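Good morning, and thank you for making time for this presentation. I should like to take you through one structure, from its strands to its core and then to individual residues.

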Amino acid sequence: MPKPDPAPLDICLLDEIAPNRARGFELPLQSAPGEASEGLPLIIWRHGESVKAFINKCPHLGLPLETFPDKFLSKDGSTLICSAHGARFNADGACTSGPCQGDALTPVDIRLEARGPKRMIVLQRAAGHSEGQETRNSKR
Ligand code: FES
């Protein structure tokens, strides 16, 4: 019998990401009770009043893009940069230069939900996964 889709997961308030900046998150996931938990590393990139999310895994070698916490963007905020070998990604996640040019980051479905006067960034979780209770900032 198929499992119902899990409830959406709150990531953070939109106000917690500065306009035209990006932040990293590690969302706790569990595939099934008793199994080892896994994490979903995300980059949330705020464009004005909208947001996009990608799996934080470079298509070149599968490494996280950042060396330092939340340092994902070029100085002008227009491009995600992989700190390992300099691949650059546009707002759609497409690699525009570097060793994985023509490849792309994996997009993740998120949306904004009104919470009183604020807006929450929410992840629509995939069926078959049951995430933990909280989100954690990826600052390490
Ligand atoms: S791992 Fe990202 S460019 Fe090489």
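A strand, as I shall use the word, is a DSSP run of E with at least two residues, and strands are numbered from the N terminus. By that definition, lysine 52 lies in strand S4, and I shall return to this residue at the end. Please keep in mind that what you see is a predicted model.

Let me begin with the overall architecture. The chain contains 12 strands and 0 helices. Its pattern along the sequence is therefore β-β-β-β-β-β-β-β-β-β-β-β, in terms of such DSSP runs. Of the 140 residues in the chain, 23% are buried. If we take the contacts between residues at least 6 apart in sequence, 53% of them join residues at least 24 apart.

I turn now to the sheets. One open sheet has 3 strands in the order S1-S10-S9, with antiparallel pairing. Strand S1, residues 9-13, and strand S9, residues 110-115, are at the edges; each has a single partner strand, so one side of each has no neighbour in the sheet. On average, and ignoring direction, neighbouring strands of this sheet are turned by 40° against each other. Between S1 and strand S10, which covers residues 118-123, there are 4 bridges, and the two strands run antiparallel. As an example of the pairing, leucine 13 has methionine 120 in S10 as its bridge partner.

Another open sheet of 3 strands follows the order S5-S6-S7, and its pairing is antiparallel. Here S5 and strand S7, residues 95-97, are the edge strands, each pairing on one side only. Strand S6, residues 88-89, pairs with S7 in the antiparallel sense over 2 bridges. Within that pairing, phenylalanine 89 has cysteine 95 in S7 as its bridge partner.

Next, the interior. Which residues touch the most other members of the largest nonpolar core? They are Leu42, Ile43, Ile44 and Leu80, in a core of 24 residues. Two or more residues each come from S1, S2, strand S3 (37-47), strand S4 (50-55), strand S5 (80-81) and S10. S3 gives the most to this core, with 5 residues. Let us look at isoleucine 43 in detail. Leaving aside neighbours within four places in sequence, isoleucine 43 is in contact with Ala22, Gly24, Ala53, Phe54, Asn56, Leu65, Phe72 and Leu80.

I close with two individual residues. Phenylalanine 25 lies in strand S2, residues 22-30. Is phenylalanine 25 buried or exposed? Phenylalanine 25 has 23 other C-beta atoms within 10 Å, and the cut-off for a buried residue is 20 or more, so phenylalanine 25 is buried. Phenylalanine 25 and proline 69 are 44 residues apart in sequence, while their C-alpha atoms are 9.7 Å apart in space.

Finally, we come back to lysine 52 in strand S4. Lysine 52 has 18 C-beta neighbours inside 10 Å and so counts as partly exposed. Not counting residues up to four places away in sequence, lysine 52 touches Trp45, His47 and Ala91. From lysine 52 to valine 108 the separation is 56 residues in sequence and 7.7 Å in space, C-alpha to C-alpha.

Thank you for your attention.

Note on methods
Residues are numbered from 1 along each chain as its sequence is written. This is a predicted model: local features need pLDDT of at least 70, side-chain atom pairs count only at pLDDT 80 or more; totals for chains, interfaces and linings use all residues. Two strands pair if DSSP finds at least two bridges between them. Axes are lines fitted to C-alpha atoms, for helices over the stretch in contact, and angles run from 0 to 180 degrees between N-to-C directions. A residue is buried if 20 or more other C-beta atoms lie within 10 Å of its own, exposed if 12 or fewer, and partly exposed in between; C-beta atoms are placed from the backbone. A nonpolar core is a set of buried Ala, Val, Leu, Ile, Met, Phe, Trp, Tyr and Cys residues joined through C-beta atoms within 7 Å. Two residues are in contact if their C-beta atoms, placed from the backbone, lie within 7 Å.
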